[in-house]
Structure formats: C-alpha cells, structure tokens
Amino acid sequence: MTYLIYYEDPYVRKFKAKVVKVIPEKNAIVLDRTAFYPESGGQPADRGVIRWQGGVAKVKDVQFEGDEVLHFVEGDLPQEGIEVEGEIDWDRRYKLMRSHTLAHLLMAAVREKFKEKVPVVGSGLGLDESRMDFKAKIKREDLKEIEDIIRKWVNEKREIRIHLFESPEEANKLLESYGYQGGNLTEEHLKKKPIRIIEIVGVNADPCGGTHLRNTSEIGDFELVKRESKGKGITRIRFRVR
Ligand SMILES: [Zn+2]
C-alpha cells in the first residue's frame, strides 16, 4: 500500500521515499509514499521527476493499481530498496488545485442560485479549461449570477479543511451539517479508509480525494467561460483559472 502524502498535505512538492518495486516492462516505479497525485475523480495525474544517486526519471503518468500508486517514467530505473527524492511539477499541480477548489465552489454556487441540490452528472479538470455537467437548465443570464456568488466566496477568503474520518457516522455528521449538498457517501467512498471530506468553511462539505487549496482566496482570477446545453436537461459549464 502506498502512503498518500497529499491526502493530508497537498502542499508537499518534494519528498523522500523508498523504492518498493520496479516494474521494468511497464517502466513503472512503486514507492512506499508519494506526493504525486494519481489520476482519479476527474483530476489529471501529476507530472515531475524522481531522482536518486546516479539516476533520474521523468514522471509521465501516475495511476492507482489497487492500493498502490504506479509512477510511469521515462529515463533511468532505480534499484529496489533505495531512497529516492520525488519532485512534482508544481505550476501544473497548483493550477489543478485552484481548478479543483473552484469546481467545488461552482457546485455550491449552482445550488445557492437554484435554492436546491442540483445533481452533478459529470466533470473533468483540465489545465486550460475544466467542465462540470449539471442536471439542470442553466441559462446564459444565470452564469453571471453564479460567477458573482463564487467571487464573493473567493473574496471572503474562506478556509478549507481536510477531514479524515474512520467511521461513516462521523463523516455523515459533517455532510449533514451542510445539508448533503456537496454529495453523499457512496459505496466507492466507503471502500477507502479513512473517509476524506473537503470542507469549505461555511460553504459546503464534499467527499473528495483530490488536492485542494487551504483558502479560497488562492483561486485568484477565474472565469466561467460558457454554458452549453447537452440535451436531456443537462447543462455543461466550462470554467478556468487564470
Ligand atoms: Zn473534488
């Protein structure tokens, strides 16, 4: 099992770890701990480098395989058992963190606007642009209003907390205090321990394994680019940080 450093501290850019396994046919490295984010929950995998005495490898992709994290690399392969240093491409990751926290605010702002829980039926974060699909008819005029709600929360400098719960009851207590507007615990969430909840204080709480900012103010400049009707009552909102 790979210990996920970013689970508790998403701001770690450089870390030391031990090589647990090398899979030459996949050009993959498994470490005992990692700050590299493996692609999941609509957030793309991190990039970066892994260095050790006498070698260096570029990390091209990162994926979960069971409870292990595979770093797919280009370059040298280390010996099993040695110590290495990992460094993630911070510019790329920080942009994804800003986008991910913005995505949570967008979800909350759509709910605030329509005064009811609006189901999210799809989402994807990107470096240039991200998207979120809502089961609701959202008009072009609504977009400005939704953007203003988000901007208010950004300007209010809301704190963001990571909660790690061992029991679903505890996790549900927090989700319930926010009216479950962020989302409910699914079978998928319950399979993983601890249960991780991201709370944007006073805004929402959402089960999520992604990397988030400490404060909404770090989102900085952003825009809701446009809305598109996807049919069947689904509207896609495209957004980005600048
Ligand atoms: Zn999330």
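Two strands count as paired if DSSP finds at least two bridges between them, and the helices (H or I, at least four residues) and strands (E, at least two) are themselves DSSP runs, numbered from the N terminus. The views show a predicted model, in which local features need pLDDT of at least 70 and side-chain atom pairs count only at pLDDT 80 or more, while totals for chains, interfaces and linings use all residues. Residues are numbered from 1 along each chain as its sequence is written, and side-chain values use heavy atoms, with hydrogens and water left out.

**View A. Strand β7 and its antiparallel partners β3 and β6.** Strand β3 (residues 28-31) is joined to β7 by two bridges, and within this pair Ala28 stands opposite Phe72 of β7. Strand β6 (residues 55-65) is paired with β7 over eight bridges, with Gln63 placed opposite Leu70. The hairpin formed by β6 and β7 has two residues between the strands, and Gly66 there adopts a positive phi near 65°.

**View B. The surroundings of Val69, a residue of strand β7 (residues 68-75).** Val69 has a relative accessible area of 0% and is therefore buried (buried means under 20% relative accessible area, exposed over 50% and partly exposed in between, with a 1.4 Å probe and protein chains only). When residues up to four places away in sequence are not counted, its contacts (heavy atoms within 4.5 Å) include Thr2, Leu4, Ile29, Val30 and Gln63. Tyr37 lies 32 residues from Val69 in sequence, yet the two C-alpha atoms are 8.8 Å apart in space.

**View C. The open sheet of three strands, in the order β11-β12-β13.** Pairing in this sheet is antiparallel; because β11 (160-165) and β13 (204-207) stand at the edges with a single partner strand each, one side of each is left without a neighbour in the sheet. Neighbouring strands are turned by 20° against each other on average, direction ignored (axes are lines fitted to C-alpha atoms, for helices over the stretch in contact, and angles run from 0 to 180 degrees between N-to-C directions). Six bridges link β11 to β12 (residues 195-200), and Leu164 has Arg196 of β12 as its bridge partner. Helix α2 (residues 90-114) packs on the sheet and touches β11, β12 and β13, its direction making about 120° with that of β13. Helix α4 (residues 168-177) likewise touches β11, β12 and β13, but its direction makes about 15° with that of β12.

**View D. The zinc ion and helix α2, which holds His100 and His104.** The ion is coordinated by NE2 of His100, NE2 of His104 and SG of Cys208, at 2.1 to 2.3 Å, where donors are N, O and S atoms within 2.8 Å of the metal (3.2 Å for Na, K and Ca) and, as water is not among the atoms, sites may look incomplete. The donor residues follow the sequence spacing H-x3-H-x103-C. His100 and His104, four residues apart or about one turn of the helix, are both buried. Ser99 also lies in helix α2 and, at 3% relative accessibility, counts as buried; beyond its neighbours within four places in sequence, Ser99 is in contact with Leu125, Gly126, Ser130, Phe239 and Val241.

**View E. The contact between domain 1 (3-88) and domain 2 (93-241).** The domain bounds come from an automatic or database domain assignment, and the two centres, taken over C-alpha atoms, are separated by 28 Å. The contact involves 14 residues from domain 1 and 20 residues from domain 2. Between them the domains bury about 1,500 Å², of which 54% is on carbon and sulfur atoms (buried area is the accessible area, with a 1.4 Å probe, that two parts lose on being put together, summed over both). Of the area that domain 1 buries against domain 2, Tyr7, Tyr11 and Gln43 supply 49%, more than any other three residues.
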